[in-house]
Amino acid sequence: MKLSKYYMPTLRQDPVDAETESHKFLTRGAFIRKQASGVYSFLPLGKKVVNKIEAIVREAMEDYDSIEVSTSILQTREIWEASGRWETFGPEMFKLTDRHDREYCLGPTAEESFTSLIKDELNSYKQLPLNIYQIVDKFRDEKRPRFGINRSRDFLMKDAYSFDKDMEGLEVSYQKMWDAYEQAFDRMGLDYKIVEGDSGSMGGKKSHEFIALSETGEGVILYTDDSDYAATDEKARFKVNPIIEEEKELKLVETKGKTTIEEVCEFLDIDKKKTAKAVDLLVKGEPIIVFVPGNRELNMAKLISYLKVPEHEIEMLDDETIEKITKAKAGYTGPIGLGDDVRVLIDESLTKINNLLVGANKTDYHYINANFGRDFDGEIVEDLLTAKAGDMAYDGSGILKEARGIEVGNIFQLGTKYSDSLGAYFLDENGKQQAFIMGSYGIGITRSVSAIVEQYHDEKGIIWPTSVAPFEAIVTIVNINNEEQKELGEKIYKKLKEERIDVLLDDRKERAGVKFNDRDLIGIPYRITVGKDASDDMVEYSTRALMENEKITSDQAIDKIIKSIKKDLSFN
């Protein structure tokens, strides 16, 4: 492709709303353009990158026996009502009504669509296992779109679904997709970790996320150096050390004006880890008070998973309601003496700590020496706590470390959640009707673009890995008005094309500085500069990664590029 005939409107200034390097460089480098809040179009360079990532993903999926289909992004209300998610998915779902008052949504995910697609035609165990996938746009009405295409309202995603006759088959399908994802992300050049994830609204018992490491990532993961343990902060567990001592007499103490854990602990000289902190919530209209150790934070993802309610159905209780329920002002809520009108959840760790400091449900008072079983009771939940760096991993494998990242892929074991609810059944070997055992597997195509740029850039622009670069090589003619430079540049360009190298020729009538700045910004891996030594068949060869110029003959430069690209794309 000749740049004089290409559409590449690069920008010199960063977009005003850019929070990340990927957003900045993808916009300035003419890869994307913002159409509205959270809505982006892909320009020619961006579309080429997306196409290359799609090709990598397609190859990986088909290498592991997944077959491509395509379902409509317009999904009926009926299938979502059947799964129970029309109301529970939440305000992120775009809903619309046609001229006949039939209701639809723009697909935020595709479990319902794929289950409906096969349920009347996949009817025998002899047709199993089956794994089918698609690459289509998804739509979610993000409350706060940010980070460019990393968290947008319209995004391109690969989703796949497996159908098996039993859990043993699902385990095989799950591992195949795990292996396929490793192949895909390795070929993209991403540095990533595979971590235990929270199933959330997807349902199912088991899930893992593929996290591309990035300091600007919204996701937090916890891991140990001494084992393979890694999990998202929504899922990670840590080892809680019990505090067992002789039970003391329960005492009511005055704590006038002390409403926070910090204030009460300082006033009474008690360690926060020996306190029970109340989190007062309203869940689908029902008051629920959750108690956790005062030195820890409630993990909302774990609470949502336990309660099996969507996040938008949970809100904090207002002070007036707290006072009505506890007969005390906010800040003095405790587990002793709460009436039957409120549901009490207690993190299991509090049952292993003696002589706790707790609120007294009496304004300006707390109890000391409270003990579970003797002084208070409630609904015990195994784990509601947020792990953090420095904790001991739950399996004892080492101290947890923290890293940030971008979720680029996820895999879920769904079980029969969707096949049961949508009536998708098959006949087993004994002629008995069974629900399909399903798995769900997603890769964020456009999010992967963002993740790659976050990992591959410098102050000048992007440094694309060869496998996903919009072009593999660029030939820059310094002075297009010089016939010798023009002739040599076009000769090199032609030879590279004949070798099936994806090459861009910068033959624009622009200053050399503009061409070099654009070349650095858009990040093409291999570069040949044709300048003043063209008459001697000498050029400058360099790579975007190293930015070191080497003066060699044009044939030597061509040979270097061909060998380097073949090596980069060998994937051995």
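Two strands count as paired when DSSP finds at least two bridges between them. With that in hand, let's walk through two regions of this predicted model.

**A five-stranded sheet**

Strand E27 (residues 473–477) and strand E28 run parallel and are joined by four bridges. One residue pair to look up here is valine 475, whose bridge partner in E28 is leucine 505. Both strands belong to an open sheet of five, ordered E28-E27-E29-E30-E31, with mixed pairing. Strand E28 (503–506) and strand E31 (550–553) form the edges, each pairing on one side only. On average, neighbouring strands of the sheet are turned by 25 degrees against each other, direction ignored.

Helix H12 (residues 483–498) packs on this sheet, and its direction makes about 165 degrees with that of E27. The strands that H12 touches include the two below, given with their residue ranges.

| Strand touched by H12 | Residues |
|---|---|
| E29 | 526–530 |
| E30 | 538–543 |

H12 also touches E27 and E28.

**Helix H7 and its cover**

Now over to helix H7 (residues 261–268), where the buried residues are Ile261, Val264 and Cys265. Why do these residues lie on the same side of H7? They cover an arc of only 95 degrees around the axis, which puts them on the same side of the helix. The cover over the buried residues of H7 includes strand E14 (276–283), strand E18 (356–359) and strand E19 (365–370). Just after H7 comes aspartate 269, which has a positive phi, near 55 degrees.

How values were computed:
Residues are numbered from 1 along each chain as its sequence is written. This is a predicted model: local features need pLDDT of at least 70, side-chain atom pairs count only at pLDDT 80 or more; totals for chains, interfaces and linings use all residues. Side-chain values use heavy atoms; hydrogens and water are left out. Buried means under 20% relative accessible area, exposed over 50%, partly exposed in between (1.4 Å probe, protein chains only). The arc is that of the directions from the helix axis to the C-beta atoms. Contact means heavy atoms within 4.5 Å. Axes are lines fitted to C-alpha atoms, for helices over the stretch in contact, and angles run from 0 to 180 degrees between N-to-C directions.
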